Amino acid sequence: MEVELEAPMYCAIVERKGVTSDRVKLYVRFRRRGIFANKRMTFRVVIDRNNPRYTAKAYETVKSLQPGDELYVDGYGDEWNNPRRCNRVERWWNVHFG
């Protein structure tokens, strides 16, 4: 039996979001190494509504994310999972210091 290896997933913070009728564009960056480290580069993750890999519930969950919320993304920005909504204070902290 063949085992597929996937890229490792890292925790990323949503910087901003763009929503159209059939896709969501999330601009995310990986967490800093420390509080005094510089912010990492922002990159784009595109989630299509009609992508067979994801369910409608997953699409709606990603659509409702706000800047400062977290999700796990692979290093290429192709795969994502486990989005997590944060409260107002955590979101503010993540955007400015996370």
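Where is Glu 79 found? Glu 79 sits in the loop between S4 and strand S5, the latter covering residues 80–84, and I should say at once that what we are looking at is a predicted model. With a relative accessible area of 26%, Glu 79 is partly exposed, and, if we set aside its neighbours within four places in sequence, its contacts are Met 9, Arg 53, Tyr 54, Tyr 72, Val 73 and Asp 74.

From there we can turn to Pro 8, which is 71 residues away from Glu 79 in sequence but 9.8 Å away in space, C-alpha to C-alpha. Pro 8 lies in the segment before strand S1, which spans 9–19, and its relative accessible area of 48% makes Pro 8 partly exposed. Leaving out neighbours within four places in sequence, Pro 8 is in contact with Val 73, Asp 74 and Gly 75; for Asp 74, the C-alpha to C-alpha separation from Pro 8 is 5.7 Å, although their positions lie 66 residues apart in sequence.

Let me move to the interior. As a general point, nonpolar side chains in soluble globular proteins tend to be buried together. Here the largest nonpolar core has 17 residues, and those that touch the most other members are Leu 26, Val 28, Val 45, Ile 47, Leu 71, Val 73 and Trp 80. At least two residues of this core come from each of S1, S2, S3, helix H1 (56–63) and strand S4 (70–74), and S2 gives the largest share, namely four residues. Trp 80, not counting residues up to four places away in sequence, touches Met 9, Val 45, Ile 47, Tyr 54, Ala 58, Val 62, Leu 71, Tyr 72 and Val 73.

Strand S3, residues 43–48, deserves a moment of its own. Its covered face carries Phe 43, Val 45 and Ile 47, while Arg 44, Val 46 and Asp 48 are on the uncovered one. In a regular strand, side chains alternate between the two faces of the sheet. S3 runs antiparallel to strand S2, residues 23–30, and six bridges join the two; Val 24 stands opposite Ile 47 in S3.

Now to the charged side chains, where a search of the whole structure finds five salt bridges. One of them is between Arg 29 and Glu 15, at 2.5 Å from N to O, and it links distant parts of the chain, with Arg 29 in strand S2 and Glu 15 in strand S1. Arg 29 counts as buried because its relative accessibility is 1%, under the 20% cut-off, whereas Glu 15, at 22%, counts as partly exposed.

A further salt bridge joins Glu 70 and Arg 31, with the closest N and O atoms 2.3 Å apart. Since Glu 70 is in strand S4 and Arg 31 in the loop between S2 and S3, this pair ties together parts that are 39 residues apart in sequence. Glu 70 is buried, with a relative accessible area of 8%, and Arg 31 is partly exposed at 28%. Glu 90 and Arg 84 also form a salt bridge, their closest N and O atoms being 3.6 Å apart, and salt bridges that share partners join Arg 31, Glu 70, Arg 84 and Glu 90 into one network.

I will finish on the surface, where Ile 35, Phe 36, Trp 92, Trp 93 and Phe 97 form a nonpolar patch with about 600 Å² of accessible area together. Trp 92 belongs to helix H2, residues 88–97, and counts as partly exposed at 48% relative accessibility.

Notes
Residues numbered from 1 in each chain as written. Predicted model: local features only at pLDDT ≥ 70, side-chain atom pairs only at ≥ 80, totals over all residues. Heavy atoms only, no water. Patch = residues over 30% accessible without salt bridge, like charges linked within 9 Å, V, L, I, M, F, W, Y side chains within 5 Å. Areas by Shrake-Rupley, 256 points an atom, 1.4 Å probe, with all protein chains shown as cover. Salt bridge = Lys/Arg side-chain N within 4 Å of Asp/Glu carboxyl O. Buried < 20%, exposed > 50% of the residue type's maximum accessible area, 1.4 Å probe, protein only. Contact = heavy atoms within 4.5 Å. Pairing = 2+ DSSP bridges. Core = buried A, V, L, I, M, F, W, Y, C linked by side-chain atoms within 4.5 Å.
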